[in-house]
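Q: Please give a close account of one part of this structure, chosen for how it is packed against the rest. Kindly set the chain as a whole in view before turning to that part.

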Amino acid sequence: MNKERRYKLIAQNKKARYNYFIEETFQAGVELFGQEVKSLRAGRCNLGDSHVEVRDGQAYLVNMHISVYDHTTVTMDRKDPMRKRRLLLHRREINKLMGAVAKDGYTIVPVKVYFSGPYVKVDIALAKGKKLYDKRASLAAKDVQREHQRDFKIKNL
């Protein structure tokens with residue numbers, strides 16, 4: 001059976017595509033607590049300045065801010081919003097990420113967070129940093145593309 005998975009986008013890291021060349025993406029699950037999932041359902045997530053660290057054969061998502069759920073009754077159950085969260089990946093994917101970071105100088109950045117059915121998933125990407133001139137060139141290409149679309153729209157009317 002070909003089941004189509006629906007997903008609901010929670011947060012997207014638009015700066016990642018501006019600051020990095022995205023080489024390859026991976027889908028990973030995230031180990032979360034109940035109140036964090038409730039907060040994500042409310043859309044309270046920020047991916048700015050977050051990255052992935054691979055340590056001791058495990059991948060961790062660092063600096064992803066998930067706000068504290070407001071309706072938590074017990075204050076002891078509140079978790080740190082900036083804590084490290086373990087990513088659920090296959091062993092061969094973790095080995096590939098470790099090798100690319102150590103050997104080729106890649107960085108692992110999260111691109112988007114979303115719900116896939118009842119599960120929270122993160123798309124992470126192997127990325128190389130852009131230089132300032134690369135960023136300027138990509139902005140110029142984007143402006144040219146926008147101009148062409150605008151001219152094409154006017155000609156077709």
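A: The protein carries 33 positive and 18 negative side chains, and the centres of these two sets lie 3 Å apart. The model is a predicted one. Its accessible surface amounts to about 10,800 Å², and carbon and sulfur atoms account for 49% of that area. Of the 157 residues, 33% count as buried. Computed along the principal axes, the C-alpha atoms fill a box of roughly 60 × 45 × 40 Å.

The protein contains four helices and nine strands. Read from the N terminus, these elements follow the order β-α-β-α-β-β-β-β-β-α-β-β-α. Among contacts between residues at least 6 apart in sequence, 68% join residues that are at least 24 apart.

Within this setting, the part selected for a close look is helix α2, which spans residues 34-41. Its buried residues are Gln35, Glu36, Ser39 and Leu40. These four residues lie on the same side of α2, because the arc they cover around the axis is only 145°.

The cover over the buried residues of α2 comes from several parts of the chain. Among the elements that provide it are the strands β1 (7-12) and β3 (45-46). The cover also includes β6 (65-66) and β7 (85-88), together with β8 (107-116) and β9 (119-129).

As for what comes after the helix, α2 is followed by Gly43. The phi angle of Gly43 is positive, near 80°.

How values were computed
Residues are numbered from 1 along each chain as its sequence is written. This is a predicted model: local features need pLDDT of at least 70, side-chain atom pairs count only at pLDDT 80 or more; totals for chains, interfaces and linings use all residues. Side-chain values use heavy atoms; hydrogens and water are left out. Buried means under 20% relative accessible area, exposed over 50%, partly exposed in between (1.4 Å probe, protein chains only). Helices (H or I, at least four residues) and strands (E, at least two) are DSSP runs, numbered from the N terminus. The arc is that of the directions from the helix axis to the C-beta atoms. Contact means heavy atoms within 4.5 Å. Accessible areas come from the Shrake-Rupley method with a 1.4 Å probe; for residues, only the protein chains shown count as cover. Lys and Arg count as positive and Asp and Glu as negative; His and the chain ends are not counted. The place of a charge is taken as NZ of Lys, CZ of Arg, CG of Asp or CD of Glu.
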